[in-house]
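Here are some notes for a colleague who is opening this model and would like a guided reading of a few of its parts. Please keep the structure in view while going through the points.

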Amino acid sequence: MLKEFRNPLGRLNKNCKQIYQYIYRCGAVTRSEIERHTGFPMSTLVRAMNNLENNGLIYASETGESELGRKPRLYRICPDAGFIIAIDITRTYTQVALLNLELKILNSKTFGMYSGNTPDETIGRIIKIINEFISSIDRDKILGIGLGVVGPVDRERGMILNPEHFVASGWKNVSIKKILQEETGFPVYIDDGANAAVLAEYRKGCGRQYQNIAYLIAGVGLRLGIIVNGKLLEQNTSFGHITVERNGNSCICGKKGCLEGYFSLNVLLDEYIEEIKKGRQSVILEKVDYDLNSITFDHFCEAVKSGDILANEILRKAAGYLSIGLGNLICILNPEIIVLGGTIFRKCPQLSTYVENMFSGYCSSTVFSRGELGENAVIIGAGTLVLEDYID
């Protein structure tokens, strides 16, 4: 079992771990590819691979392609050799999922985050869902719990520090790692959700061919995860507080002109409603029976999609401010790819087009992507935090 990698006197030595790690990261490989990557003599390679197979950690699947002779077998990791609990805590929802070792979601539940979702209430619901998921699973096969949360985060102490924009009270200095470990008995790994998301796309998504990646989560706030030279940048970032307008709007951080004051879910919605109050017309008015208090962000996105002039004007202006922040990011770190994720991009795909158009002709090799993992990027990344601690 995978936990044997942690035992220096166990059945699985460092050669086994190196081979397993390579197969995990490639997805499916031939024995000759493993030999070229590891440089192991064939006798050492065969012995280690047999050990992994006998312990149920890898298996030979369908044959690969070959121009001549017998087609080689492809080796994969056994997905059901262990399981991971992954959790994504955002300002608007919390998702809990059960993953296999291929980081595929086997079961998932999501609940909204409202004024009553204090840390105690939220963690209680999470524990209840975890117990439901693992009721029929051998507990010894659970590798741990991975958490992607709204930062800033203290990874060593496993604490959510003082996140902005939570509807419920109490989300300050929450020792969530300690609580979950005590309640479940499983090891817990925690990081900012944006870091989890960029790690997921790097391992399993659109970033597999790149070494320098940025992942932006745009919703009620802005979160940024960064990988530089194949390594996760572990420092807490404050991308939402980049200055984009000198002496601009006041921000909750105490500064003026921060990006979040011009680009966030609430800013877009508030400006949309304010412009309607001033007499601007929008296609959404008849649908809400002219009740401005009932207009939601989904209504705004619906208006954008329908080609509404006002909604697209607001979105395009916000994209301009976001592009200032992204332009600074490109000048400093020059990422090969920037993934645009989160609620705003998911519900208003037109925003991606506006942003990309603003960078057309820009002197940079950076490409933009919506990612391959979608809204599950944080969940998959949270699972990656757990799995890679065993095999790195």
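The numbered points below take up a sheet and its helices, some helix contacts, the enclosed and open spaces, and two backbone details.

1. Please bear in mind throughout that this is a predicted model, and that the values below are computed from it.

2. A good place to begin is an open sheet of five strands, whose order is β6-β5-β4-β7-β10 and whose pairing is mixed. Strand β6 (105-112) and strand β10 (188-192) form the edges, each of them pairing on one side only. On average, and with direction ignored, neighbouring strands of this sheet are turned by 15° against each other. In general, the strands of a sheet pair through backbone hydrogen bonds, either parallel or antiparallel.

3. Within this sheet, strand β4 (residues 83-89) runs parallel to its partner β7 (residues 142-149), and the pairing extends over seven bridges. To find the register on screen, one can look for I84, which stands opposite G144 in β7. Helix α4 (residues 119-133) packs on the sheet, where it touches β4, β5 (93-100), β6 and β7, and its direction makes about 155° with that of β6. Helix α12 (residues 377-391) also packs on the sheet, touching β4, β5, β6, β7 and β10, with a direction that makes about 135° with that of β7.

4. The next point concerns two helix contacts that share α8. The axes of helix α8 (residues 297-305) and helix α9 (residues 309-333) come within 7 Å and cross at roughly 100°, which makes α8 roughly perpendicular to α9. On the side of α8 the contact is made by F300, A303 and V304, while α9 brings A311, N312, I314 and L315. Sorted by class, this contact of α8 with α9 has six nonpolar residues, one polar residue and no charged residues.

5. Helix α7 (residues 265-277) packs with α8 at an angle of about 75°, their axes being 10 Å apart, and α7 and α8 are therefore roughly perpendicular to each other. Here L265, L268, L269 and Y272 in α7 meet F297, F300 and A303 in α8. The contact of α7 with α8 has seven nonpolar residues, with no polar and no charged ones. F300 and A303 thus deserve attention when the two contacts are viewed together, for they appear in the contact of α8 with α9 and in that of α7 with α8.

6. Which residues lie closest to the centre of the largest pocket? They are D191, L199, L232, E234 and L385, out of the 22 residues that line the largest pocket. The space in this pocket is about 590 Å³. At least two lining residues come from each of α5 (176-184), β10, α6 (193-204), β13 (231-232) and α12. The lining of the largest pocket divides into nine nonpolar, three polar and ten charged residues.

7. The structure also holds two cavities of 30 Å³ or more. The largest cavity contains about 250 Å³ of space and is lined by 20 residues, among which T90, I217, R223, G342 and T343 lie nearest its centre. β11 (213-218), α10 (343-347) and α12 each supply at least two residues to this lining, and β11 gives the most, with three. By class, the lining of the largest cavity has eight nonpolar, seven polar and five charged residues.

8. The second largest cavity holds about 60 Å³ of space, and the residues that line it are N212, I213, A214, I226, I227, V228, L329, L333, N334 and P335. Two or more of these residues come from each of β11, β12 and α9, with β12 giving the most, namely three. Eight of the lining residues of the second largest cavity are nonpolar and two are polar, while none is charged.

9. Finally, two backbone details merit a check by eye. Most residues other than glycine have a negative phi, and most peptide bonds are trans. The peptide bond from G151 to P152, however, is cis, with omega near 5°, and P152 lies in the loop between β7 and β8 (153-154). N229, although it is not a glycine, has a positive phi of about 50°, and N229 is found in the loop between β12 (222-228) and β13.

Conventions: Residues numbered from 1 in each chain as written. Predicted model: local features only at pLDDT ≥ 70, side-chain atom pairs only at ≥ 80, totals over all residues. Heavy atoms only, no water. Axes fitted to C-alpha atoms, helices over the stretch in contact; angles between N-to-C directions. Helix = DSSP H or I, 4+ residues; strand = E, 2+ residues; numbered from the N terminus. Parallel < 35°, antiparallel > 145°, perpendicular 65-115°, else oblique. Contact = heavy atoms within 4.5 Å. Nonpolar A, V, L, I, M, F, W, Y, C, P; charged D, E, K, R; others polar. Pairing = 2+ DSSP bridges. 1 Å grid on protein atoms, 1.4 Å probe; cavity = no way out; pocket = protein on both sides within 12 Å on 5 of 7 lines; lining within 4 Å. Points joined across faces, edges and corners; volume = space filled by probe spheres on them.
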